Amino acid sequence: MPHRAASARMLRVSTPAVPAHLLPADGRFGSGPAKVRPEALASLAGPGAAVMGTSHRQAPVRQLVGRVRRGLAELYALPEDHEVVLANGGSTQFWDVATFSLVQRRSAHAAFGEFSAKFARAAARAPHLDEPVVTEVAPGSAAVPGAVPGVDAYAWAHNETSTGACAPVQRVEGADEGALVLVDGTSAAGGMPLDVTQTDAYYFAPQKSLGSDGGLWLAFLSPAAVERAERLTTTRWIPESLDLSVAIANSRADQTLNTPAIATLWLLADQLDWLAGHGGLDFAVGRSRESASIIYSWADAHPLVTPMVAEEFRSPVVATLDLDASVDATQVAAVLRASGVLDTEPYRKLGRNQLRVALFPTIDPEDVRALTRCVDWVLEQLAG
Ligand SMILES: *Cc1c(COP(=O)(O)O)cnc(C)c1O
């Protein structure tokens, strides 16, 4: 791995380096942006090079958009009446899209970490919406919003990437007729099982479980979500780039309103081919589950390591591991980083003595096993 050799050379003399024989083959454990398979990058530099720098209004790029839309529909066995819609701006942009095009008057949110809380804040700030109902639970736990009369959209995250806690994806019992379910699948999509019929908008970005780069949002929309978006655009002013009905119309033509990130589309299409070639979503889910079982059983047995999230909410795609107060997680992550094992730092605003490790399907379970050996080694060095 060239990046490992390069960072090893930058070591300060006082920083211990993890012995080479313990290191993973690939040292990328970030929870987003996350590992991109080297084969996907080679494919971008190879056949992908022919579409880079060419018009997104012409057939080659539109075919690429079509490949991505079909590949995602196949991965999730999407019902006939659901559609795959995409546009620029990542999942953060989708929250703004939703406050204009999916929430009619009032939303309800479960907030159990940074990302689920951010959507609630976006809705709270929107002057055309009523104050949202927010159910907040402590980081490390998860919740779904309960039914509230008058609420027309319910929102939560499938996997809260900042904490590694998952919530079930299911319709809200007792909700008003026609209320929509909007689920943030940013880090879950491509790595966790899903019954898409329980949602009206399941949205995500491709730089996490889907092993691509950032810049786009994608969403599975139900007919009810499409109907809502097409109605709201006739009743309120919506900036064009935030108007979901515009994104729907463009996506149906395998286009985007403005220039998309073509490399991101290419890497995503490659990942979808890779998953399909190995058995689809079951394969992806199995890879992450295997990594999760490796890291959680190691942590459960380690005297200095405790998973932050209780078993019932524990994520199969992002593990958060609290370290004993006698060791400084910042130091552990720094030694790992200096050895080429990257991005094990916790989510910055969580402020815990913790390591966070992505278990996305692109990451080899054997590398997760190697990571546990690296952490064992670092903990021994720091204790000694
Ligand atoms: C990363 C992430 C986001 C933000 O995605 P961007 O594409 O950076 O806007 C939103 N929600 C969840 C759950 C995430 O993991």
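**View 1. Helix α4 and the shell around the ligand.** Helix α4 spans residues 90-101 and gives the largest share of the ligand shell, four residues. This is a predicted model. The ligand is surrounded by Gly90, Ser91, Thr92, Trp95, Phe115, Asn159, Thr161, Asp184, Thr186, Ala205, Gln207 and Lys208. By type, the shell holds seven polar residues, three nonpolar and two charged.

**View 2. Polar contacts of the ligand.** Three side chains are shown here with their distances to ligand atoms. The side chain of Asp184 places an N or O atom 2.6 Å from a nitrogen atom of the ligand. For Thr186, a side-chain N or O atom is 3.4 Å from a ligand nitrogen. The side chain of Lys208 meets an oxygen atom of the ligand instead, at 2.7 Å. On its own, the ligand has 380 Å² of accessible area, and the protein covers 87% of that.

**View 3. The ligand in its pocket.** The largest pocket holds the ligand. Residues of the shell include Trp95 and Phe115. Asn159, Thr161 and Gln207 are also among the residues that surround the ligand.

**View 4. The annotated domain.** UniProt, in an unreviewed entry, places "domain: Aminotransferase class V" at residues 50-341. The C-alpha atoms at the two ends of this span lie 33 Å apart. Helix makes up 38% of the span, and strand 16%.

**View 5. A cis peptide bond at Pro33.** The bond from Gly32 to Pro33 is cis. Its omega is near -5 degrees. Pro33 lies in a loop, with α1 (2-9) on one side and α2 (38-45) on the other.

**View 6. A positive phi at Ala77.** Ala77 is a residue other than glycine, yet its phi is positive, near 45 degrees. The residue sits in the loop that links α3 (59-75) and β1 (83-88).

How values were computed: Residues numbered from 1 in each chain as written. Predicted model: local features only at pLDDT ≥ 70, side-chain atom pairs only at ≥ 80, totals over all residues. Heavy atoms only, no water. UniProt positions renumbered as here; feature names shortened; annotations may be inferred. Near = heavy atom within 4 Å. Polar contact = N/O pair within 3.5 Å; in protein donor to acceptor, adjacent residues only side chain to side chain. Areas by Shrake-Rupley, 256 points an atom, 1.4 Å probe, with all protein chains shown as cover. 1 Å grid on protein atoms, 1.4 Å probe; cavity = no way out; pocket = protein on both sides within 12 Å on 5 of 7 lines; lining within 4 Å. Sits in = over half its atoms within 2 Å of the grid points. Nonpolar A, V, L, I, M, F, W, Y, C, P; charged D, E, K, R; others polar.
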